[in-house]
Amino acid sequence: MSALNITDTLQRPLRDLRISVTDRCNFRCTYCMPKEIFGDDYAFMPKSELLSFEEITRLAALFIGFGVKKVRLTGGEPLLRRDLPELIRMLSALDGLEDIGLTTNGLLLKQHGKSLFDAGLRRLNISLDALSKETFGKMNGRGVSPDVILQNIDYAQSLGFTVKVNMVVQKGVNDHEVVPMAAYFKERDITLRFIEFMDVGTDNGWSFKQVVTKGELLDRLRETEELIPAEAAYFGEVAGRYRYKDAKAEVGFIPSVSESFCSSCTRARLSSDGKFYTCLFATNGFDIRELLRSGASDEELAQAIRGVWEKRTDRYSDERTEQTAKSRKKIGMSYIGG
């Protein structure tokens, strides 16, 4: 059955669904879950509050009915969710779903990579913010060496995964790693995506002063590399992509601060406890889990999803100022998913 394509108040279609499968993480990255706030005694959600795999799959099918083509599993750290390959199998069986991806810090890929691949997962986005042991250890809050993640990236590729690497760049923190990171992954034909430091949530001490813009990043790379802009692969593609003139690899830039892409945002988000969000910078979401667990039919759930999306007005990055970034209470990235 063909999808009913719906649009919001700004005529943006629904195409991508980000699903957070857990709020837990084994890192304490300074820009997401700083250990000063998410300490060892931090109370994460009990299992009973998390959407079950059956609930996730049922909701994903309804979103696909409204035009979703791509699902990305996030967290927290999604590899901490027990039996995750089973969810991959369930989602892979859904008619109309064209792509499933997973975003991970990569620490547990040696344990779970093969079972995820066997279940049907093919694409990984792996977070790595520096090649320097000292810098990366400080940023991940656990002292984990980048060598561990790099070895796991190699392992994932050996299994057959398509890998992209995400680097969040902060001025004065890891911006000295931009050129070495680009050179390392260019040599290995792996796409590296630079993400501008964003004011997601209210816990990471964000300010404009710490943002290294896409323009600044391009200037640094172009001192040694010739980069050619690539055409967007589809409407709503977040990353501005560039290819090296002398290599197959690409670099991408996610400029949520300096070049807002709100006008083409096609992403919806499900938190691990079943809240439906229409923006990464949202203040609140629609509790679809309550409706689901109260015995609502698929038709009633679909009507709720459609009602939320068609009333959507979000364009936070267009409107962001230093003041709104600091004063507006936003949902944390570890809860809503990246």
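This briefing walks through the core, helix packing, cysteines, backbone oddities and a few individual residues of the structure above. Keep in mind that you're looking at a predicted model. The largest nonpolar core has 105 residues, and α2 sends buried residues against α1, β2, β3 and α3. There are zero disulfides, and the backbone has a cis peptide bond from glycine 75 to glycine 76.

**Nonpolar core**

- Within the 105-residue core, the members that touch the most other members are Leu73, Phe185 and Phe194.
- Helix α1 supplies the largest share of that core, with seven residues.
- As general background, nonpolar side chains in soluble globular proteins tend to be buried together.
- Take Phe185 as a worked case: leaving aside residues up to four places away in sequence, its contacts are Leu128, Leu150, Ile153, Val165, Ile190, Leu192 and Ala249.

**Helix α2 and its neighbours**

- Helix α2 spans residues 84-92, and its buried residues are Leu84, Pro85, Leu87, Ile88, Met90 and Leu91.
- What do those buried residues pack against? They meet two helices, α1 (53-64) and α3 (109-119), plus β2 (70-74) and β3 (99-104).
- For the α2/α3 pair, the axes come within 8 Å and cross at roughly 15°.
- Angles under 35 degrees count as roughly parallel, so α2 gets that label relative to α3.
- The α2/α3 crossing is right-handed.
- On the α2 side of this contact you'll find Leu84, Pro85, Ile88, Arg89 and Ser92, while α3 brings Ser115, Leu116 and Ala119.

**Helices α3 and α5**

- Helix α3 also packs with α5 (residues 146-159), at an angle of about 20° and with the axes 10 Å apart.
- By the same kind of cut-off, under 35 degrees, α3 and α5 are therefore roughly parallel too.
- The handedness here is right-handed as α3 passes α5.
- Leu109, Lys110, Gly113, Lys114 and Phe117 are the α3 residues in this contact, and their α5 partners are Gln151, Asn152, Tyr155, Ala156 and Leu159.

**Cysteines**

- Why are there zero disulfides? For cysteine 32, the closest cysteine sulfur belongs to cysteine 29, and at 6.5 Å that's too far for a bond.
- Cysteine 262 tells a similar story, because its closest cysteine sulfur, in cysteine 279, is 6.4 Å away and too far for a bond.
- For scale, a disulfide here needs the two sulfur atoms within 2.5 Å.
- Cysteine 262 is also buried, at a relative accessible area of 11%.

**Backbone oddities**

- As a rule of thumb, most residues other than glycine have a negative phi, and most peptide bonds are trans.
- The bond from glycine 75 to glycine 76 is cis, with omega near 20°, and glycine 76 sits in the loop between β2 and α2.
- That loop between β2 and α2 also holds aspartate 83, a non-glycine residue whose phi is positive, near 60°.
- Aspartate 83 is exposed, with a relative accessible area of 52%.
- Aspartate 189 is another non-glycine residue with a positive phi, about 55°, and its place is the loop between α6 (178-187) and β6 (191-196).
- Is aspartate 189 buried, exposed or partly exposed? It's partly exposed, with a relative accessible area of 44%.

**Residues worth a click**

- Glutamate 55 is in helix α1, and despite its charge-bearing name tag it counts as buried at 13% relative accessible area.
- Beyond its sequence neighbours up to four places away, glutamate 55 touches Leu50, Leu292 and Arg293.
- Phenylalanine 66 lies in the loop between α1 and β2 and is buried, at 6% relative accessibility.
- Its contacts, with residues up to four places away left out, are Ala3, Leu4, Asn5, Ile6, Leu14, Arg15, Ala302, Ile305 and Arg306.
- The C-alpha atoms of phenylalanine 66 and leucine 102 are 22 Å apart, with the two positions 36 residues apart along the chain.
- Glutamate 98, in the loop between α2 and β3, is exposed at 61% relative accessibility.
- From C-alpha to C-alpha, glutamate 98 is 17 Å from aspartate 118, and the two are 20 residues apart in sequence.

Methods: Residues are numbered from 1 along each chain as its sequence is written. This is a predicted model: local features need pLDDT of at least 70, side-chain atom pairs count only at pLDDT 80 or more; totals for chains, interfaces and linings use all residues. Side-chain values use heavy atoms; hydrogens and water are left out. Buried means under 20% relative accessible area, exposed over 50%, partly exposed in between (1.4 Å probe, protein chains only). Helices (H or I, at least four residues) and strands (E, at least two) are DSSP runs, numbered from the N terminus. Contact means heavy atoms within 4.5 Å. A nonpolar core is a set of buried Ala, Val, Leu, Ile, Met, Phe, Trp, Tyr and Cys residues joined through side-chain atoms within 4.5 Å. Axes are lines fitted to C-alpha atoms, for helices over the stretch in contact, and angles run from 0 to 180 degrees between N-to-C directions. Angles under 35 degrees count as roughly parallel, over 145 as roughly antiparallel, 65 to 115 as roughly perpendicular and the rest as oblique. A crossing is left-handed if the near helix is turned anticlockwise from the far one by less than a right angle, and right-handed if clockwise.
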